[in-house]
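User: Could you walk me through this model with me asking for the reasoning behind each label? I would like to see how the values lead to the conclusions.

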Amino acid sequence: MLFYDRMQFAFTITFHYLFPQLTMGLALIVVYFKWRFLRTKETVFNDAAKFWMKIFALNFVMGVVTGIPMEFQFGTNWAKFSELTGGIIGQTLAMEGMFSFFLESSFLGLFLFGEKLLGQKLHFLTGFLVFLGSWASGYLIIATHSWMQHPVGYEILENGKFVLNNFGALFSNPWLLPSFLHNQMGSVITTSFVIAGVGAFYILNNKHSKFGKLFVKTGVIFGLISSVLAAFPTGDLAAKNVVKHQPVAFAAMEGIFETEEGGSEIILIGQPDVENKKLDNKLAVPNVLSFLTYQRWDAEIKGLNEFDESLYPTNIPGLYYAYHIMVGLGTIFIALLGIALIQLFRKKLYSTKWILWLLVFMIPFPYIANTAGWYTAELGRQPWLVYNLLKTADGISPNVSSGNTLFTLLGFIGLYLLLGMLFLILAGKIINKGPETSKEI
Amino acid sequence: MELFWYIVLMVMLVTYIILDGYDFGAGIIHLFFGKNDKDKKAITNAIGPFWDANEVWLIAVGGVLFFAFPTLYAVSFSGFYLPLIFILWLLIFRAIGLELRGQLKNKMWEAIWDKSFGLASLLLALFFGIALGNVVRGVNLGMVTDGVSTHEAHYFFLPLWNPTFSPNAEHLGIIDWFTLLLGIISVVALTIHGANWIIFKTNSSINERLKKVVFNLNIVLVLLVICSVFVWHYVDPQPFKNFMEQPLLWVLPGITLFGLFGLFNVKKFKKHGLGFLFSSLFLLGGLSSTVASIFPKVLPSTNDVNPSLTIHNVAADDYGLSVGVYWFIIAAVLVVVYMFIQYRVFRGKMDDVGYGEH
């Protein structure tokens with residue numbers, strides 16, 4: 001049954017992506033620490049890298065074991081979709097395995113266990129290759145995702161199968177680059193908050209203060225840069241793609257039920273009432289949405305009223321909330337990190353307790369923002385699997401009964417709850433123990 | 001074009017089984033022969049830096065299957081729904097068993113993850129053998145009952161077993177006596193393979209014992225293989241047809257036998273890698289002979305209504321397959337380079353690599 005298949009995919013992908021977002025960002029920051037160490041020879045950077053590699057290793061395992069079910073589920077639960085589109089999305093998915101996973105996994109072993117065998121420069125190089133592999137994986141997955149959002153380079157045969165007729169189009173897809181960069185910024189934001197939060201935890205506890213300061217500083221700077229870049233230009237360009245290619249999804253995301261003469265307002269808060277086609281308790285700023293979208297205050301934005309109801313995204317309130325949660329949290333991130341940066345310049349950050357406390361409590365929120373961002377993209381595409389061409393309901397395995405799907409869905413829920421608990425316990429233990437200071441080399 | 005990708009896929013599958021196979025085997029050895037902490041440490045050290053990269057071969061096999069033979073991927077993954085999900089769950093337990101054990105110093109914690117790693121490895125070896133058995137035996141494509149397809153011609157769904165456990169029943173199950181036999185062969189062969197890897201990569205005190213284990217299990221393996229050849233005609237009336245038509249193919253069973261009988265010299269090998277080489281040859285020969293016997297079929301139909309799936313009716317279109325050759329060759333060269341570096345850095349004995357000391 002469609003419902004269980006969708007629940008299983010949504011649950012497993014949501015849980016899975018909690019880990020890669022930290023993997024990709026942490027790969028970048030660990031490589032940054034290694035690089036600082038090579039440049040300055042200050043052991044604090046190498047010790048910092050070693051500490052985060054422990055978290056990285058644990059996080060990576062969780063990402064791997066929850067990632068393999070993603071690839072298998074295309075076949076197990078979405079057989080019709082796989083059969084029809086495998087000739088196209090199989091390209092990018094197979095490339096992900098061949099180009100990124102081999103790179104990532106071969107050098108991860110060397111990176112984690114090979115410091116003594118390899119020497120510092122080669123050790124840095126293996127870290128860089130792990131970083132490259134993890135980001136290449138993100139790129140190829142988003143290339144796949146982009147094709148589903150905005151199909152290009154294909155033709156449809158009489159039997160309904162999609163075949164590729166232009167390989168290059170998969171990578172010059174206008175949807176791809178903004179989405180990829182936006183997503184990577186999201187991953188750096190998560191990592192920055194994790195690092196800053198752990199650093200703030202050390203400072204507030206008066207232990208590992210040297211590392212605490214380094215982590216807070218690194219997290220705040222990386223976090224602010226990536227939060228700004230996530231909004232502009234990457235988020236902006238990604239949203240413009242939605243306006244252009246999925247206008248009905250854009251109207252639903254923004255909560256615009258009616259086209260407004262003279263420019264659309266931007267809705268900050270409010271609850272969509274889809275039955276009566278209106279927004280309750282809304283708080284909005286006039287004309288700003290038109291300006292953000294088209295750089296003209298009076299530009300027309302199509303409201304949901306312009307579209308046939310059969311084209312509506314399946315879950316308008318869900319889509320609207322996902323989008324608003326992402327944007328709202330992104331704004332809060334920029335504000336908080338901006339204040340933190342000012343305090344850093346004034347050399348008061350490490351003694352401003354309320355900011356440090358906030359940094360600790362903020363750790364879960366970038367995870368929520370990233371998840372909400374992905375829900376925006378995915379709910380915006382519904383009811384389509386391949387936008388405007390293949391309905392989600394037509395993609396499921398015709399031969400698997402709902403009882404079997406529910407069985408495995410329940411199994412995944414139980415197993416992943418266990419994994420989540422184990423991860424939190426073990427990450428908590430590593431963080432509580434803290435980094436170790438090595439002797440000068 | 002299909003033939004090229006079929007060969008690529010089979011080479012990758014054999015590579016996966018040889019590489020992750022030693023991890024499964026090491027897990028089984030760990031379960032039954034890892035008595036003290038030092039031995040267990042030696043076993044996990046021997047596979048620690050490799051298992052993750054080995055598992056990537058499975059993802060890559062899945063990816064290439066999806067890309068080159070989308071219909072086969074879709075039909076078989078959904079048709080073998082439950083066992084595939086079980087394999088995913090077992091892979092999770094195998095991985096966390098290996099990776100989480102060293103995270104806490106506590107006897108109960110360690111005991112849980114030791115069992116998780118060992119049992120998951122054992123069951124994975126069994127399931128992969130059963131999977132091979134299912135492919136050889138074939139399935140009821142189109143779910144034909146009373147001469148009528150109840151599903152699209154190439155779709156099917158199999159429960160875990162049928163009440164008779166027979167590979168000739170009208171309503172088949174994943175597990176019957178034939179597939180189970182292949183599952184057991186797989187467990188025995190991979191246990192030998194894993195033991196050889198441990199002998200190769202460690203100076204563990206159990207190595208001498210493992211040599212005896214390999215020798216004894218090899219006798220069992222020979223008997224099981226003979227037994228399987230005698231019952232093979234229950235699932236495939238003409239298993240040697242392809243070999244008669246293409247005599248060159250006899251090389252494959254030849255490799256199998258060479259590997260199998262080479263293993264009897266395990267106690268005399270001076271070079272520790274030789275045993276591993278012979279068990280790899282057995283896996284290579286055994287797996288390739290099996291798939292060659294049903295070629296060009298990739299999933300036979302057990303009814304007369306719907307045709308078997310062959311490499312021709314499940315492949316992607318020509319343009320996609322041709323363009324894939326370019327990136328695949330680049331990727332394959334890179335993979336060989338990575339593997340060379342990886343096995344070069346971690347060459348020799350692995351007892352002191354410090355795996356799991358977080």
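User: How many salt bridges does the rule find across the interface of chain B and chain A?

Analyst: Happy to start there. In this predicted model, the rule finds one salt bridge across the interface of chain B and chain A.

User: What makes the pair Lys80(A) and Glu152(B) a salt bridge?

Analyst: The closest N and O atoms of Lys80(A) and Glu152(B) are 2.7 Å apart. The cut-off is 4 Å between a side-chain nitrogen of Lys or Arg and a carboxyl oxygen of Asp or Glu, so the pair qualifies.

User: And why is Lys34(A) with Glu115(A) called a salt bridge?

Analyst: The same test applies: the closest N and O atoms are 3.7 Å apart, and the limit is 4 Å, so the label holds. This pair links distant parts of the chain, with Lys34(A) in helix α2 (residues 20-40) of chain A and Glu115(A) in helix α5 (residues 115-118) of chain A, 81 residues apart. Over all chains, the search finds 21 salt bridges.

User: Back to the interface. How many residues of each chain are in contact?

Analyst: On the chain B side there are 71 residues, and they are in contact with 68 residues of chain A. Each of these counts because it has a heavy atom within 4.5 Å of the other chain. There are also 16 residue pairs in polar contact between the two chains, with both residues at pLDDT 80 or more.

User: Which elements of chain B give two or more residues to that side?

Analyst: They are α3 (51-68), α4 (70-79), α5 (81-100), α6 (107-137) and α12 (318-345) of chain B. Of these, α12(B) gives the most, with 15 residues.

User: What classes do the residues on that side of chain B fall into?

Analyst: They divide into 51 nonpolar, 15 polar and five charged residues. The buried area can be set beside that: chain B and chain A bury about 6,000 Å² between them, 77% of it on carbon and sulfur atoms. In chain B, the residues that lose the most area to chain A are Phe66(B), Tyr81(B) and Trp327(B), together 11% of what that side buries. Phe, Tyr and Trp count as nonpolar, so these three belong to that class.

User: Now the interior. How many cavities of 30 Å³ or more does the search find, and why are they called cavities?

Analyst: The search of the whole structure finds five. They are called cavities because a 1.4 Å probe fits in them but cannot get out.

User: What residues line the largest cavity?

Analyst: This cavity has a volume of about 150 Å³ and is lined by 17 residues, with Leu108(A), Leu112(A), Trp51(B), Asp52(B) and Glu99(B) nearest its centre. Two or more lining residues come from each of α3 (43-77) and α4 (79-113) of chain A and α3 of chain B. The largest share, five residues, comes from α4(A). By class, the lining has twelve nonpolar, three polar and two charged residues.

User: And which residues make up the two charged ones in the second largest cavity?

Analyst: About 60 Å³ of space lies in that cavity. Its lining includes Lys211(B) and Lys271(B), and Lys counts as charged, so these fit the two charged residues in the class count. The lining also has three nonpolar and three polar residues.

User: Finally, what backbone details should I look at, and where do they lie?

Analyst: The peptide bond from Gln382(A) to Pro383(A) is cis, with omega near 5°, and Pro383(A) lies in the loop between α14 (364-381) and β5 (384-386) of chain A. The bond from Phe295(B) to Pro296(B) is also cis, with omega near 0°; Pro296(B) lies in the loop between α11 (273-294) and β3 (297-299) of chain B. Gln295(A) has phi near 60°, a positive value in a residue other than glycine, and lies in the loop between α11 (288-294) and α12 (316-345) of chain A.

Notes. Residues are numbered from 1 along each chain as its sequence is written. Chains are lettered from A and ligands numbered from 1 in the order in which they are written. This is a predicted model: local features need pLDDT of at least 70, side-chain atom pairs count only at pLDDT 80 or more; totals for chains, interfaces and linings use all residues. Side-chain values use heavy atoms; hydrogens and water are left out. Buried area is the accessible area (1.4 Å probe) that two parts lose on being put together, summed over both. A polar contact is a pair of N or O atoms within 3.5 Å; within protein, one must be able to donate a hydrogen and the other to accept it, and residues adjacent in sequence count only if both atoms are side-chain atoms. Helices (H or I, at least four residues) and strands (E, at least two) are DSSP runs, numbered from the N terminus. On a 1 Å grid over the protein atoms alone, a cavity is a set of points where a 1.4 Å probe fits but cannot get out, and a pocket is an open set with protein on both sides within 12 Å along at least five of seven lines; lining residues have an atom within 4 Å of a point. Grid points are joined across faces, edges and corners, and a volume is the space filled by probe spheres set on the points.
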